[in-house]
Structures are given as structure tokens and as C-alpha cells.
Amino acid sequence: MPILNPHSSYDTPIQKITQATAIQDENPLVVDVEAQFRRIAQHGDELAANDGGGVFRPPREFRYTNVNQHNVNASHNHFQGIQRLRRGRYVAITGGDSTEPASHVCLARMGSRRANGPWGSNLVFKARPPEDDGLVAVVTLDKNRWHAGGLAALGDILAIPVYGDGLSEVVFLHVAEPESPTRFPASVLRLNNARANAVALAKLADQRFVCAVWWEDEDQTPKGRIDFYVSKDTNFINGFQSGVFTWVFTAVGRNHDRDPKYQAIGFVTPKDWNQHADGLTRLYLIGTENEAVAAPLENGRNLADLFEVRIASDMFGDRPNGERPQIRWVNTREFRCSREFANLDAAGGVYVSMAGELSLYGGYHWRVDNTFRFAEFPARPDPDVPVSDLARAWVDLFEHDTFRGGRLGIYGTDESVIPDYRQIFVRGNDFDEIVSSIRYQIPEGHTYRLYKDPAFGGSFTDLKGKGTMVEIPDLKRSRRRFGDQISSSRYV
């Protein structure tokens, strides 16, 4: 794998697209977005990517770490967005550094992970990520607008907001070949000192594109704003119109008791997105944040909000009717992971797999121990619809009863043979004889066996597949009486 070598620069060469080309400009459609949002796993799987083996060398060895540089607070030097790409083994992470002004997007290839479906943790069998999981490119976006915010992907189009010099802009990269990205000539240039904190990108029913930019106006109450831009035509390379519709973000939830500051937003396109006689476009929008004022130094809830968005067909026509998008809050969920792996005040990202399954990703503010750290909150199949493919099976083993504490996630048959729980890692510790509750969904006719002793020895208990989801909230109190006894496991 071509991980960046110690002699590589920060500036992976990037060319502009100069003529129309075949562009994958759609994400898979999602069946029942609201139900899928409820099924995203609450506990994250921890992942890490090697940072390039010397790319961050003197005098920039502290870039994207929590070490103070030039007496500038570490908050001026951090990661801000994360996005898994359509080429399913790649992830993009945005960052900004005001100490030596520049905004970047770092592209990592997770070679040890599957191309389709949930990745699962790559830190289960070793404390450090495999050599195949690491940085392959660092692209400098702007040397004046140093802050790169929450990014989003539409097919092979990557939308990245940058600000920092009194202006802000949304730039677009083509990442069909993630290790050799190219840049679209057009961008969304924002005026009047309006920041661009996070961006979402989607298609409208008339096949044009809509770009939504989240920002906060500190002089107004409420502060949150979403600006909507529409493309000039159906060819993305021709860019966006200069006109903008602004929606004032009034409140979240039934009690209207939150004034969020989203670090990332992302559109999700439902199956029935344009099945309306009037051409109305129906989308969903997910915004992520951590409630703590001083995250990560202060601990707060990692939250994701789901909204339904309806955009009228003539809103962006030659004679706009003046309507604003209709936005309706649907649901709010809290997600959990180790603090130094995921903090939604640092980075969040929405991902839809080729199978149309919805997942969430979160990242940490800085590099730790020469790695990028992040977490995956994976999609879950419908618990009431039987799965028939073992590749879609999953098993969650929890440290405490009622599905609490550390979690070991097993996906399909990948890394499902675990001969010794003393030699695996969950949150940095082994997982021997502590499993107390289990959730699983395994096809009928398949069995995952849990053994009392290492090397698949001693007594055992079986997780027999029913196709639908099975929950065991307390192994000690169940008929199995197998709590705190598991030391190895495998399919049989």
C-alpha cells in the first residue's frame, strides 16, 4: 500500500478538472431513513490510521496534536470533519492550523477493512493499527482560509468548507481515485464575513444540486443558520448560482431547549425522495455536535439530530417563489465512544453504504501516538427482518449487563475467530471473562459459539441464529449462567 513516506510533503499534487467528465454524483437511496437512524449502533467501534511515518516531521511534528505551538491554544490546530468515501476502504479527515495557516484534507486507506459494510475496530488484535491502514495523501486546500470544517460526500464529490480570512468558501474535490484527488474549478464563495462551519450536498428532483452550509451568527439569537445554494444546471462541473436562501435554525427537539452548534451536517436521500407530482424534493439532514463548551477538555453528550427537509421545485427557479425549505425535527440520539477516539465536537460524518445502510462516523481533535483516531457507529439491519447472508451477521458483546460498558463488535466472519480474549483489546484493555450481555443477529442455521476457556476449550454456550435480532441483557441471570466466563469464540 502506498502510504506516504517520510520524504513526502504536505502538498499532494492536485490538478483541476478542466472539462466535463463522467462523475458519480449520487449516493445510494435509503429505505425508511427514520427507522435506520434509530438503528445506528449507539456504541462506537474504535479505529485508527497510521499518520504517514514521518510526514509530520520537524518543524511541523506537533501539527494536529494537542501540544501548544507558538503560545497559541491547541484549539487553533485540530481536525474538524470525517467522511468515509464511496470507495469504501477510504476515509477523508479535514483539519486546520492557524499557527502556520493552512487547511487540509487527509486521505487514509483502511486496507485491512472490508470495502462494503461495517468496518469494525482494527484495534482488537493489536494495540496499533495494521500497516495497511494509513495516510495516502495530504491535500492543502487554502493557505489563508485555515479552518476546514465538516465535509460531506455525494458520490465521488467531496464538499469541504474553509474559512479564516474574513471570507469563506466551499471547495469541491473529485475523489474517484482517492489517492490522486482532483479539484473542481467552481466553488461556493461566501461574502459578508459569513463563516462556513459545515456543509451538506445532495441532488434535487430536477437533477440539479443543492449545497447547504451551516454557520453561526454570533450577533443573532438564535445563532444557527443554514444557507442553501443551487447549481447552475445538472452538470456539477458548471458550479453554483450566486443567490442564496437562508433558513434560521430556531430550535431542536420537542422542548426546544437546545441551541446547537453543529460541527458536521449531511444529507440523506430517502427512497421516495422525488415521488411527488409537484416535483417536491424530500431529503433528510443529520447534524452532529458535542454539547460541552470546552470539548474535549470538558466531557459532554455526543448528539446527532435528524431533520426532514422539503424543498419546493420552483424555489431556485428563474423567478423564485420566496419559500424557504421546510425543515422538521424528527429525532435526537446520543452516541458513545472513548473520548480520545470520537468527539462530535471535533468531527462527525454521515455515510450510506452501497446497500443503502446508514452509519455515522466520529473523530478526535488531534493525532495521538502518530495515528488518526476515529470511531464507527455502524448500521444495523432491521431487527425484525431475518438476515440470510452471513456477511451481514453481527454480534455485540458487552462488558456489563443491559448492554453497557466496553463493546466488542463482530461483523460477518471477518475476524470472528478469537482464540484468546486475554490477547485482544477493547478500549485498550483485554476482554477476558467480563462479557455480561449480548445482542446478535445471525442467519438461521448458523451458530456463534462462546467458550469458557482459551483456545476453544471448556464448556460453551451457543448463539443460534434466528435471522432476527436476539438480546441477552444479563448472562448471569439467563438460563445460560455464563456471565463473566467467556475466553474464546468462533462460528461452528
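Helices, of at least four residues, and strands, of at least two, are taken here as DSSP runs and numbered from the N terminus. On this basis, the protein chain of the predicted model holds one helix and 30 strands.

The overall dimensions were examined next. The C-alpha trace of the protein chain extends over about 70 × 60 × 45 Å along its principal axes. For 492 residues, a compact globule would be expected to have a radius of gyration near 23 Å, and the value of 23 Å found for the protein chain therefore agrees with that expectation. Buried residues make up 59% of the 492 in the protein chain. About 20,200 Å² of the protein chain is exposed, and 44% of this area comes from carbon and sulfur atoms. When contacts between residues at least 6 apart in sequence are considered, 65% of them link residues at least 24 apart.

Strand β10, which covers residues 168-174, is mostly covered, with seven of its seven residues buried. Its side chains point in two directions: S168, V170, F172 and H174 face one way, while E169, V171 and L173 face the other. Residues of both sets are buried.

Three strands are described here as partners of β10. Strand β9 (residues 157-163) runs antiparallel to β10 and is joined to it by seven bridges. Within this pair, I157 is placed opposite H174 of β10. The two strands β9 and β10 make a hairpin in which four residues lie between them. In the turn of this hairpin, G164 adopts a positive phi of about 150°.

Strand β12 is likewise antiparallel to β10, with three bridges between them. Here E169 is found opposite L189 of β12. Strand β11 (residues 182-183) is also antiparallel to β10, and two bridges connect the pair. In this pairing, L173 stands across from R183 of β11.

A nonpolar patch on the surface is formed by L167, L189 and L191, which together have about 260 Å² of accessible area. L189, a member of this patch, is the β12 residue that stands opposite the buried E169. L191 is located in the loop that runs between β12 (188-190) and β13 (198-203). The relative accessibility of L191 is 52%, and L191 therefore counts as exposed, the cut-off for that class being over 50%.

Definitions and conventions
Residues are numbered from 1 along each chain as its sequence is written. This is a predicted model: local features need pLDDT of at least 70, side-chain atom pairs count only at pLDDT 80 or more; totals for chains, interfaces and linings use all residues. Side-chain values use heavy atoms; hydrogens and water are left out. Patches are made of residues with over 30% relative accessible area and no salt bridge: like charges are joined within 9 Å, nonpolar side chains (Val, Leu, Ile, Met, Phe, Trp, Tyr) within 5 Å. Accessible areas come from the Shrake-Rupley method with a 1.4 Å probe; for residues, only the protein chains shown count as cover. A salt bridge is a side-chain nitrogen of Lys or Arg within 4 Å of a carboxyl oxygen of Asp or Glu. Buried means under 20% relative accessible area, exposed over 50%, partly exposed in between (1.4 Å probe, protein chains only). The radius of gyration is taken over C-alpha atoms; the globule rule is 2.2 Å times the number of residues to the power 0.38. Contact means heavy atoms within 4.5 Å. Two strands pair if DSSP finds at least two bridges between them.
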